[in-house]
Amino acid sequence: MALRNLLLGSVSETIQGKIRAAALLAGAALLGAALVVGTGGLAQADPAAGQRIVEQVCQQCHGLDGIALIDEAPNLSGQKRSYLARQLWAFRAGERQDPKMSPSAIGLSDQDIIDVSEWYSSVHITVEAPQ
Ligand code: HEC
């Protein structure tokens, strides 16, 4: 239930009214449930489907491997799956907004979000601390 806790945590940070919070909670619970089901079939992540969406929509800004191709866009390689899904859900809901990013999130289904999150989180990265 870690994802659920993360989602609920974001509510207290961004709450701006009871109705908005209620909508956010309902959506968070749905997405949380969809992701938590995991092995249930419906919410099973499909990285190949995620790759197709990335190639068609996300690649131009975030790169196929999640190394961003434009300065404004963040690198997504190896990012936590639940974090990516939570941000995409927030963009889709209008809770987080960006003129470049928001249009790409609006058409994503819950399954698309699970799939693209799986794709980018599965990119292997290595890091090196500064000397
Ligand atoms: C036209 C460029 C563009 C496209 C296409 C695009 N993005 Fe983005 N994306 C951005 C920018 C710019 C940001 C940073 C927004 C901000 O500053 O809040 C962002 C932010 C994000 C974040 C939040 C990352 C974080 O660290 O919080 C995720 C996740 C993300 N994009 C995923 C996607 C996915 C998945 C797609 C394809 C379905 C996509 N983006 C398509 C430009 C784009």
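**Close-up views of the ligand shell, helix α3 and Ser82**

**View 1. The ligand and its shell.** Nineteen residues surround the ligand, and of these 19 residues C58, C61, D98, M101 and S104 come nearest. A residue is near the ligand if its C-beta atom, placed from the backbone, lies within 6 Å of it. This is a predicted model: local features need pLDDT of at least 70, side-chain atom pairs count only at pLDDT 80 or more, and totals for chains, interfaces and linings use all residues. Residues are numbered from 1 along each chain as its sequence is written.

**View 2. Make-up of the shell.** By class, the shell has twelve nonpolar, four polar and three charged residues. Nonpolar here means Ala, Val, Leu, Ile, Met, Phe, Trp, Tyr, Cys and Pro; charged means Asp, Glu, Lys and Arg; the others, Gly among them, count as polar. Helices α3 (47-62) and α4 (81-93) each supply at least two residues of the shell. The most come from α3, which gives six residues.

**View 3. The kink in α3.** Helix α3 has a kink of about 60°, centred on Q56. The bend at a residue is the angle between axes fitted to the seven residues ending there and the seven starting there. The end C-alpha atoms of this 16-residue helix are only 16 Å apart, short of the 22 Å that a straight helix would reach. The expected span is 1.5 Å times one less than the number of residues. After α3 comes G63, with a positive phi near 75°.

**View 4. The buried residues of α3.** Buried in α3 are G50, V54, C58 and H62. A residue is buried if 20 or more other C-beta atoms lie within 10 Å of its own, exposed if 12 or fewer, and partly exposed in between; C-beta atoms are placed from the backbone. The cover over these residues includes α5 (102-106) and α6 (110-121).

**View 5. S82 on α4.** S82 is found in helix α4. It counts as partly exposed because it has 19 C-beta neighbours inside 10 Å. S82 and E118 are 36 residues apart in sequence, yet 9.1 Å apart in space, C-alpha to C-alpha.

**View 6. The whole protein, for context.** The secondary structure comes to six helices and zero strands. Helices (H or I, at least four residues) and strands (E, at least two) are DSSP runs, numbered from the N terminus. Buried residues make up 25% of the 131 residues. Of the contacts with a separation of 6 or more, 66% join residues 24 or more positions apart. Two residues are in contact if their C-beta atoms, placed from the backbone, lie within 7 Å.
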